Amino acid sequence: MSHEEHIQDSGFAGSFNGDRIFKGITLGFAFSVILVLLLMVAGMAHESLPALRQFGWKFVSGSDWDAVQGNFGALPFIWGSIVSSLLALAVATPLSVGTALFITELAPRKLGGAIASLVELLAAIPSVIYGLWGVLVMAPWLQQTVEPFLMEHFGFLPFFRGAPYGVGMLAAVFIIMIMIIPIVTSITKEVLLAVPLSQKEAAIALGATKWEMIRMAVLPYGRSGILGAVILGLGRAIGETMAVTMVIGNTPQISLSLLAPAYTMPSVIANEFAEASSKLHSAALMEIGLILLVITLIINIAARLLIWGVTRQQSSGGRK
Amino acid sequence: MTTKIKIEDLNVYFRETHAVKNVSLDIPQNRVTAIIGPSGCGKSTILRSINRMHDMIPTARVTGRIILDSTDIYDRTSSPVLIRRRVGMVFQKPNPFPAMTIYDNVIAGYKLSGRLNRADADEIVESSLKRVALWDEVKDRLRRNAMDLSGGQQQRLCIARTIAVKPDVILMDEPASALDPLSTLKIEELIEELKDKYTIVIVTHNMQQAARVSDNTAFFYLGELVEAGGTRKIFTNPEKKQTEDYITGRFG
Amino acid sequence: MNGMRVRSLKNAGMMLLMGLATFIVLTPLIMIFFHIVKMGAGSINLDFFIQIPSPPGESGGGMANGMVGSVILILMASVIGIPTGIFGALYLSEYEGNRLASVIRFCADVLSGVPSIITGLVAYTLIVVPMHGFSAIAGAVALGLIMIPIVLRTTEEQLKMVPGTLREASLALGVPFWRTTLQVTLRSGLKGIITGILLSIARVAGETAPLLFTSLGNHFWSKKITEPMAALPLQIFNFAIAPYEDWHRLAWGGALVLVVVMFGVSLTARWFNRDRSIG
């Protein structure tokens, strides 16, 4: 019999080396993730140097954006990003948590499952399609129906002054809200499912109604996880590019009115970067990108830490 | 009687836990040696140090020597891969490779580490399956998925897979504990048949099984070797009180 | 008991609010779906799949160059994203427990949250600037970078589900660790890994922002990957914001195709992974 030879043939005399090489290769690929992240920060910082040198801190406080004159102040974009994201999040959060509660606690199993899959499916629709719908369907509806109504009945407030354009801050808030609801709902649902049955049973055994059980046992237990979901939603909202670009009106101004057009950080990059007229212009856009990157990194790290905390609990608590 | 494996001053640690303490034991060739003792006594740990399975666990540390024929398994120049070719292992739960056919499972040891020509493969499959008395049961469905077999058949397939690579030693870690009585019986008969060609070390928590299949028995307690010797002697006339208590079911 | 009545009223009110929230959430989502199907179906015909866009003001035309461009871009992106993701995941799952692995895992999670337009800027600095021009390669790099963390994390999850007993069985046969990893561990998790890859493809298929200043888009057929190349989502964007009815029609058609393809891929992925039992 020649089995021994087969074994020799297979060449694993050098297998110890094989293992070492294998470890090296996989480590190389894995390490590229860190490398990409570092490269991102370093590359963008380098590319935005001209703008950093020229404007310093005035870059974030200035509100004049004029490519012809070479004046670049990013405040309108920062303002637009923060206002649109926070408003959208403020509306999306209660709606998402309500929906997640409906799915996990209220709806019959099958209906809840169906809604959950639908929501997950919609989370996968690309931004540009939300934008398409936003600009061709939602904006005209806002312009013809919603905005005239708001102006007529709430026109005394500074938030609803001006002309009904359709596109503008209100449209951006709406579209961001629609887009982040699926993701916040999905994560919140996961968090709620992780609440151990024993917690809920304890509340029910005390004679709690369903709502009291949710308030006593479910929400407190899932609090940090839900917060993580909301922060992750904020990260999405602030980085949201295509849909917002298509409906916000793209005008660098700071206005209290929700009806007025505005601009966000990702939108200005999307619109102007490919056609940036001067080195300073590209550098200014890069610096906006850098600010955006730093903001989203902070948001993401915070959210991940929160969600990691919850997942760790999950390994001890029961999941369905 | 030749000594196949000589264990000298073996210690195994997991982080701070001292799982196996100063164990020295001779394992004779072409005999079945049973390792018994209450759970947590380090039975499996000792077994797994004989083919360096602890290499996989970063926190594990092994000191002392295990000499197989004349090579020190833990010598720096020994390759764990070559050691494991000579020292095969059968696990507690049958673990055939789920993505492979019955046929491929038998020659997995060759397939996974190189090539094998077709005629040789056919021969190895047939002889290995015959050796474990599985051939007649599966010869018509060699291309079926291995997961279609019953638990007992799967375990015999795993033994066939182990002997297919022609080891000298077979380690068995409670090979029948997940099986029904009839399958257990078949495995025990198989062990009896295999010992003319192989040196077998079996860990079991079932004392009747140890008494039935083994020639020698080693009793462990809390990581230490309490007593080793001929099975008949250990079970009828043990020297140590602890051994007697365990054998007679007074603890453990 | 009065207290009880207040409590159950409150309970009913809250349940109603949850139902209402679900209704409000689902309405726009269903409407978007409805519009894509209705508007899209009306604009899709044979020409849509074999013609390039007609000049503004002329009717007809299609998005063939965009669809082909998207396929090419995704294939090139896969060359970057899939091996990196899979081999990286092998490191994370097979050498887990070391500190570096958790750092890498964390970085991958953070990376997946970086807005895709930023990835486009990075690809611009890495590829467009040194090559002195927009190109399909740059677009593929941007998409590939987006794929990495997705493939990496889903693959790692799958590898972790492979029972340790299979690894042990292989090692005990004297198979070297690296072969065990590639041929037993990776193979046992293959179904789930393919699912992850499909999902990552579905994700980048709709990405637009990272292509804006890398692949740039092209009204005609691209002949080289060193030239700007059309992509379906880019065309949807450009046509949607243009003032021509005919282009709007094309944009809806493109949206329907994109959604159908993406859902098709997602459903295939789910179907592929329908029984996740291993061993």
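Me: What does the secondary structure of chain C come to, in helices and strands?
Reply: Chain C has eleven helices and zero strands, where helices are DSSP runs of H or I with at least four residues, strands are runs of E with at least two, and both are numbered from the N terminus. Read along the sequence, the pattern of chain C is therefore written α-α-α-α-α-α-α-α-α-α-α. This is a predicted model, in which local features need pLDDT of at least 70 and side-chain atom pairs count only at pLDDT 80 or more, while totals for chains, interfaces and linings use all residues. Residues are numbered from 1 along each chain as its sequence is written, and chains are lettered from A and ligands numbered from 1 in the order in which they are written.

Me: How does the radius of gyration of chain C stand against that of a compact globule?
Reply: The radius of gyration is taken over C-alpha atoms, and the globule rule is 2.2 Å times the number of residues to the power 0.38. For 279 residues a compact globule would have a value near 19 Å, but chain C has 24 Å. The C-alpha trace of chain C spans about 75 × 70 × 35 Å along its principal axes.

Me: What makes the crossing of α7(C) and α8(C) right-handed?
Reply: The axes of α7 (residues 164-172) and α8 (residues 177-188) of chain C come within 10 Å and cross at roughly 145 degrees; axes are lines fitted to C-alpha atoms, for helices over the stretch in contact, and angles run from 0 to 180 degrees between N-to-C directions. A crossing is right-handed if the near helix is turned clockwise from the far one by less than a right angle, and left-handed if anticlockwise, and the crossing of α7(C) and α8(C) is assigned to the right-handed class. The contact (C-beta atoms, placed from the backbone, within 7 Å) involves residues including Leu166(C) and Leu171(C) of α7(C) and Phe177(C) and Val184(C) of α8(C). Its residues divide into four nonpolar, four polar and one charged, with Ala, Val, Leu, Ile, Met, Phe, Trp, Tyr, Cys and Pro counted as nonpolar, Asp, Glu, Lys and Arg as charged, and the others, Gly among them, as polar.

Me: Which classes of residue form the side of chain C that touches chain A?
Reply: The contact takes 72 residues from chain C and 70 residues from chain A. On the side of chain C, α1(C) gives the most, with 18 residues, and the classes there are 54 nonpolar, 14 polar and four charged residues.

Me: Why is strand β3 of chain B called largely enclosed?
Reply: A residue is buried if 20 or more other C-beta atoms, placed from the backbone, lie within 10 Å of its own, exposed if 12 or fewer, and partly exposed in between. Five of the five residues of β3(B) (residues 32-36) are buried, so the strand is largely enclosed by the rest of the structure. Both faces are covered, with Val32(B), Ala34(B) and Ile36(B) on one side and Thr33(B) and Ile35(B) on the other.

Me: What makes β3(B) a paired neighbour of β8(B)?
Reply: Two strands pair if DSSP finds at least two bridges between them; four bridges join β3(B) to β8(B), and the two run parallel, so the definition is met. Ile35(B) stands opposite Val203(B) in β8(B). Four bridges also join β3(B) to the parallel strand β9 (residues 216-221) of chain B, where Thr33(B) stands opposite Asn216(B). These strands belong to an open, mixed sheet of six strands, ordered β6-β7-β8-β3-β9-β10 in chain B.

Definitions and conventions. Two residues are in contact if their C-beta atoms, placed from the backbone, lie within 7 Å.
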